[in-house]
Amino acid sequence: MAPLFVKAKAPAKINPVLEVLGKRPDGYHELALIFQTIELHDVLTFERSKDELLLEIDSAPPGLSNGDSNLILQAAELFLKRYPQKKEGVLIHLTKNIPLAAGLGGGSSDAAATLKGLDNLFQTRSGLVELQRMAEALGSDVPFFLTGGTALGTGRGEKITPLPPAPDTHLVLVKPGKGLATPNVYGSGKAVFTSGEKARSFQKLLQEKKLPSLAGSLFNGLEPATFFLMPETQEIKKRLLEAGARGALVCGSGPTVFGITGSRAEAEKIAGGLQDGGRTVIVTRTVPAESK
Ligand code: C5P
């Protein structure tokens, strides 16, 4: 029997490698990037209801709308339009732990969790290809979160190739007080274009089980753009490295900077020294794809 209630975790991500290959005629950028899910996650619940579609935010940082601009509602509307025979309403609850406009993929992950959650709730058995089609329409990062774990993204980031799990890694995330809008970062003219070789070599090392640590393979072609738009991020990276992080990088389009550490204790020690200036500092770690 179809369940009346479904609970889902929506994890955040980091990108140990993000290469911008070129600008496309459709205005997007061609990418080769590595995605990795992390322990930090939002929690969503989906409940059948007699009313219309409704999103209730139980806890979140200020500034998150429960209206149409929220990707959760856009995902739910897309799903319900695809299956018009599902006449019931849905009540969605969200506990938001992932910082907003941070480069951590929180909105995209919530959208993917919504597609999967409604597929479970209504037992539509959409299959990955159909879910992927809907995910692509919602945003470039959304398809990755349908499977999570470690993956290569190509195209505008929506074409996903699952990879073997990356080494288990402890992380410190540091997000400045303000967020950044992704289009501004891509549109700043400061991104560095590369050939895709770094993403290819990361993929090869993983497949040959020869990647000892993420720290030696970090690269992000958007980092100069994030540094330009928010110089504080460059300072945060410097401080993470001075405090003993083994590597540090702007995450996606930023402005979060992640630092790689050797243990949880090391991560907590480094985090303790960076709690100032209205920043959000989070200790977390990489996680593999959720088993079915
Ligand atoms: O796909 P998504 O809606 O997440 O993209 C948000 C914006 O980020 C796009 O409108 C575009 O300005 C920029 N972007 C890009 N190239 C990509 C992904 C995003 O230029 N591969």
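## Around the ligand

Here, a residue counts as near a molecule if one of its heavy atoms lies within 4 Å of it, and helices and strands are DSSP runs numbered from the N terminus. With that in hand, let's look at this predicted model.

Which residues surround the ligand? They are Gly27, Tyr28, His29, Leu31, Gly139, Ser140, Arg156, Thr182, Pro183 and Tyr186. Sorted by class, this shell holds 4 nonpolar, 5 polar and 1 charged residues. The biggest share comes from α5, with 3 residues. Both β2 (29-49) and α5 (182-186) chip in at least two residues each.

## Polar contacts and cover

Now for the polar atoms. On the side-chain front, Ser140 has a polar atom 2.5 Å from an oxygen atom of the ligand, while an N or O atom in the side chain of His29 sits 2.8 Å from a ligand oxygen atom. Arg156 uses its backbone instead: a polar atom there is 2.9 Å from a nitrogen atom of the ligand. As for cover, the ligand on its own would expose 450 Å², and the protein buries 73% of that.

What kind of space does the ligand take up? It's the largest pocket.

## Away from the ligand: Pro62

Pro62 belongs to the loop that links β3 (54-59) to α1 (71-82). Is Pro62 buried or exposed? Its relative accessible area is 80%, so Pro62 counts as exposed, the cut-off being over 50%.

Pro62 can also be placed against Gly27, one of the residues around the ligand. The two are 35 residues apart along the chain, and their C-alpha atoms are separated by 31 Å.

How values were computed
Residues are numbered from 1 along each chain as its sequence is written. This is a predicted model: local features need pLDDT of at least 70, side-chain atom pairs count only at pLDDT 80 or more; totals for chains, interfaces and linings use all residues. Side-chain values use heavy atoms; hydrogens and water are left out. A polar contact is a pair of N or O atoms within 3.5 Å; within protein, one must be able to donate a hydrogen and the other to accept it, and residues adjacent in sequence count only if both atoms are side-chain atoms. Accessible areas come from the Shrake-Rupley method with a 1.4 Å probe; for residues, only the protein chains shown count as cover. On a 1 Å grid over the protein atoms alone, a cavity is a set of points where a 1.4 Å probe fits but cannot get out, and a pocket is an open set with protein on both sides within 12 Å along at least five of seven lines; lining residues have an atom within 4 Å of a point. A molecule sits in a cavity or pocket if more than half of its atoms lie within 2 Å of its grid points. Helices (H or I, at least four residues) and strands (E, at least two) are DSSP runs, numbered from the N terminus. Ala, Val, Leu, Ile, Met, Phe, Trp, Tyr, Cys and Pro count as nonpolar, Asp, Glu, Lys and Arg as charged, and the others, Gly among them, as polar. Buried means under 20% relative accessible area, exposed over 50%, partly exposed in between (1.4 Å probe, protein chains only).
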